[in-house]
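Biologist: Please give me a close look at one part of this structure. Then set that part against the rest.

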Amino acid sequence: MWRKEYFWRILQPILLGLFANLLVNYIFNPNSMGFLWIELLEAWLLSIPITEMNRVIEQQLEKRVHWKENPSKRFLFHFLLLSICLIIILNIIGNAYLWVTKKGFFSGIQMAVINAVTFVLAIFLTFITWAISFYKNWLIADRNAQQATKLAYELRQKIVQAEQFIEAQRGNAKVRIQAQNIRLAKIESGIVRIYTVEGDNGIFNGSLAHLSNLLPNYLFFQVSRDALLHKDVIQKVTSSRFGKIELTITTGYGGDSSFTVSRPKAAAFRKWYHSNSE
């Protein structure tokens, strides 16, 4: 990004000097337009302080008068300050250069034409700079809006998943258990048994993988092929041998007080646990 900014910063005085030199020569001699490299070089050198002062004006006004707050005031201030800088640079520094080099001075009409042409071109370059800046800001705002929309969607999905109900069998009756109230689900004798925060349990008529897909993944992790845990039941996480992880959970959920996370699952578990335990 900074390379593009420096490229535009270098290109501005080159463009300003080139077009100012061509237009002034055309206005003064429309029928026999001349072109001298020394005049072009002088125009380039004189354009550097103009574009640099214009950049300083832009930076200072950005801190004091923002486009969003008062665009007309921002434009008016920039217009006036740029006019003052051009008068100083072109009429004082420019004439001082002519005096030192003993090339003679321009007439009043010629100076007026040079000032007008340079000012119009400087304003045009300023408009281009503003357009580039506005476009960058629009891209950033659009990217932020997309990220905010995505985040809002993910949050809504989490809320919906946490508040949805899981159907389970309890005795001869079917019950609906809120997803966020489930604390442990594990396979016992070939069936998936659910344990809730209230201490109740029920049988889920499906596989553990199917149940895992129904539950919010920011709350639940399948620690093994036959167990699924809610993060709130995990009391202690301990590294074990061969890259495994030992989990100590709250007692009262199916009689088990610990689970082992295998080495292949260990990295995924740590990422899930630490990103959701802050």
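Modeller: Helices (H or I, at least four residues) and strands (E, at least two) are DSSP runs, numbered from the N terminus. Leu-80, for example, falls in helix H3. The model is a predicted one: local features need pLDDT of at least 70, side-chain atom pairs count only at pLDDT 80 or more, and totals for chains, interfaces and linings use all residues. Residues are numbered from 1 along each chain as its sequence is written, and side-chain values use heavy atoms, with hydrogens and water left out.

First, the frame. The protein chain holds six helices and 10 strands. It has 278 residues, and 32% of them are buried (under 20% relative accessible area; exposed is over 50%, partly exposed in between; 1.4 Å probe, protein chains only). Leu-80 is partly exposed because its relative accessibility is 43%. Contacts (heavy atoms within 4.5 Å) often span the chain: of those between residues at least 6 apart in sequence, 49% join residues at least 24 apart.

The part I choose is the largest nonpolar core, a set of 18 residues. Such a core is made of buried Ala, Val, Leu, Ile, Met, Phe, Trp, Tyr and Cys residues joined through side-chain atoms within 4.5 Å. Val-223, Leu-229, Ile-234, Leu-247, Phe-259 and Phe-269 have the most contacts inside this core. Two or more residues each come from strands S6 (220-224), S7 (227-230), S9 (245-249) and S10 (258-261), and from helix H6 (263-275). Helix H6 gives the largest share, with four residues.

Take Ile-234. Set aside neighbours within four places in sequence. Ile-234 then contacts Leu-229, Leu-247, Thr-248, Ile-249, Phe-269, Trp-272 and Tyr-273.

Tyr-273 belongs to helix H6. Its relative accessible area is 17%, so Tyr-273 counts as buried. Beyond residues up to four places away, Tyr-273 touches Ile-234 and Val-237. Phe-221 is 52 residues from Tyr-273 along the chain, yet their C-alpha atoms are 8.6 Å apart.

Now the strands at this core. S9 and S10 are antiparallel, paired over four bridges (pairing requires at least two DSSP bridges between the strands). Within the pair, Ser-258 of S10 faces Thr-248 across the ladder. In a regular strand the side chains alternate between the two faces of the sheet. S10 has two faces to compare: Phe-259 and Val-261 are on the covered one, whereas Ser-258 and Thr-260 are on the uncovered one. Phe-259 is also among the residues with the most contacts inside the core.

What links this region to earlier strands? Asp-232 makes a salt bridge with Arg-183, with 4.0 Å between the closest N and O atoms (a side-chain nitrogen of Lys or Arg within 4 Å of a carboxyl oxygen of Asp or Glu). Asp-232 sits in the loop between S7 and strand S8 (234-239), and Arg-183 in strand S3, so this pair ties together parts 49 residues apart in sequence. The two ends differ in cover. Asp-232 is partly exposed because its relative accessibility is 49%. Arg-183 is buried, at 11%.

Follow strand S3 (residues 182-188) onward. Strand S3 runs antiparallel to strand S4 (residues 191-196), with six bridges between them. Ile-187 is placed opposite Val-192 of S4. The S3 and S4 hairpin has two residues between its strands, and Ser-189 there has a positive phi near 55°. Strand S4 then pairs antiparallel with strand S5 (residues 201-204) through four bridges. Here Tyr-195 is opposite Asn-201 of S5. The S4 and S5 hairpin has four residues between the strands, with Gly-199 at a positive phi near 95°.

Lys-186 and Glu-188 also form a salt bridge, at 3.3 Å from N to O. Lys-186 is buried, with 7% relative accessibility.

Last, a comparison pair. The whole structure has six salt bridges. One of them joins Glu-58 to Arg-74, with the closest N and O atoms 2.8 Å apart. Glu-58 is in helix H2 (residues 37-64) and Arg-74 in helix H3, so the bridge ties together parts 16 residues apart in sequence. Glu-58 is buried at 17% relative accessibility. Arg-74 is buried too, at 0%.
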